[in-house]
Amino acid sequence: MTKPTEPDKPRMTTKGKYTHAIVSRVPKSFQSVPTIDGTCIDLERAREQQESLVLCLRNLGVDVLELPPDETSPLSVFTSDCAVTVNGIALVCRPAGGARSEDTDTVRAVMKKELGLTVVELDNSKALLNGSDVLFTGSEFFVGIGKETNTEGALNVAKTWPEYPCTPVKLEGSRNLADRLTLAGPDILAVGSGQHPQSLVRRIEREATNRYQTLTLPEDEAANCIYVNCTLVHTHSVEVPLSSKVFNERIDFPTREISLSEFQKTGRGLSSLCILVRKSKTIRKI
């Protein structure tokens, strides 16, 4: 993997195409989720921010399926933890060591009944997998091994999509892979400038079968972004002004900004709030 040596801007390709997204509305109980600095979560603001994300996705041509708020599960808003979806197949995860089984049950039902995806389960009880620890670049998988994902979970990703290389990478600290590094465009990785994100991207550089450009962002929280239908959606410039400048200078395809302050208080970012799905006319069976 190499960083651009000249200020050439990355170009668009057909990667990052999605037809549907799954979002779970913010429950009142979300206020009980611990925050990094101990500040309170503004519930109404969190709901407004989620509504802005839903509107943004719909404006990008994505059919958003909104699940009702689940008061029994404050973390239910983080739907991306519950499944990995690629090529019409959904691998159901086991986030929080299985403590969020009701969340995964709900997501499983929607993916199977509403979207008609081929649903795959983890093949043994020891496998731990959080969907936010899985990065699919369009040509290969990277799976972060850390607090909520183990080697057995990574092996399940490899078995589910044997046509793609799958590389486990060790995570330092407590954050998920997607809160350190994400796909910001075709073969473009957005990564924070902190110690843990930089350690992660170096590991990926050594193991990757493809070559990527990297956008190193001054604010770590800005690295969690989503590339949807030829558009980069990232944290609002008010919240990450320095990183927003990098996006503006380096990205020549459309971008959108979303305010995420209430979710970032918990250490989670943009991609955690939705499962993105590309539903094809023919669903692959395995």
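The paragraphs below walk through a predicted model, beginning with one helix and moving on to two sheets and the residues around them.

Helix H2 covers residues 101-114, and its length can be checked in a simple way: at 1.5 Å a residue, its 14 residues should span 20 Å, and the C-alpha atoms at its ends are 19 Å apart, which agrees. The buried residues of H2 are Asp103, Thr104, Val107, Val110 and Met111. Seen down the axis of H2, these buried residues fall within an arc of 125°, so they line one face of the helix. The partners of that face are strands, since the buried residues of H2 pack against strand S1 (20-24), strand S2 (63-67), strand S3 (83-86), strand S4 (89-92) and strand S15 (275-277). On the other side of H2, by contrast, Lys112 and Lys113 are exposed. Just after the helix comes Gly116, whose phi is positive, at about 65°.

Further along the chain there is an open sheet of three strands, in the order S6-S7-S8, with mixed pairing. Its edge strands, each of which pairs on one side only, are strand S6 (134-136) and strand S8 (166-170), and the twist from one strand to the next averages 20°. Strand S7, residues 141-145, runs parallel to S8 and is joined to S8 by five bridges; within this part of the sheet, Ile145 stands opposite Lys170 in S8. Helix H3, residues 151-160, packs on the sheet and touches S6, S7 and S8, with its direction making about 165° with that of S7. A further helix, H4 (residues 195-207), lies across S7 and S8 and runs at about 150° to S8.

In the loop between S7 and H3 sits Asn150, and with a relative accessible area of 16% Asn150 is buried, because the cut-off for that class is under 20%. What lies close to a polar atom of the side chain of this residue can be stated for two backbone groups: the backbone nitrogen of Leu128 is 2.9 Å from a polar atom of the Asn150 side chain, and the backbone nitrogen of Gly153 also lies 2.9 Å from a polar atom of that side chain. If neighbours within four places in sequence are left aside, Asn150 is in contact with Lys126, Ala127, Leu128 and Ile145, and Ile145 is the residue that stands opposite Lys170 in S8.

Another open sheet of three strands has the order S9-S10-S11, again with mixed pairing. Here the edge strands, pairing on one side only, are strand S9 (181-185) and S11, while neighbouring strands are turned by 35° against each other on average, direction ignored. Strand S10, residues 188-192, pairs with S11 in the parallel sense over five bridges, and Ala190 stands opposite Leu215 in S11. Helix H4 packs on this sheet, touching S9, S10 and S11, and its direction makes about 150° with that of S10. Helix H4 thus appears in both descriptions, as it also lies across S7 and S8.

Strand S11 spans residues 213-217 and includes Thr214. Is Thr214 buried or exposed? At 4% relative accessibility, Thr214 counts as buried. Its C-alpha atom is separated by 34 Å from that of Phe30, a residue 184 places away along the chain.

Definitions and conventions:
Residues are numbered from 1 along each chain as its sequence is written. This is a predicted model: local features need pLDDT of at least 70, side-chain atom pairs count only at pLDDT 80 or more; totals for chains, interfaces and linings use all residues. Side-chain values use heavy atoms; hydrogens and water are left out. Two strands pair if DSSP finds at least two bridges between them. Helices (H or I, at least four residues) and strands (E, at least two) are DSSP runs, numbered from the N terminus. Axes are lines fitted to C-alpha atoms, for helices over the stretch in contact, and angles run from 0 to 180 degrees between N-to-C directions. Contact means heavy atoms within 4.5 Å. The expected span of a helix is 1.5 Å times one less than its number of residues. Buried means under 20% relative accessible area, exposed over 50%, partly exposed in between (1.4 Å probe, protein chains only). The arc is that of the directions from the helix axis to the C-beta atoms. A polar contact is a pair of N or O atoms within 3.5 Å; within protein, one must be able to donate a hydrogen and the other to accept it, and residues adjacent in sequence count only if both atoms are side-chain atoms.
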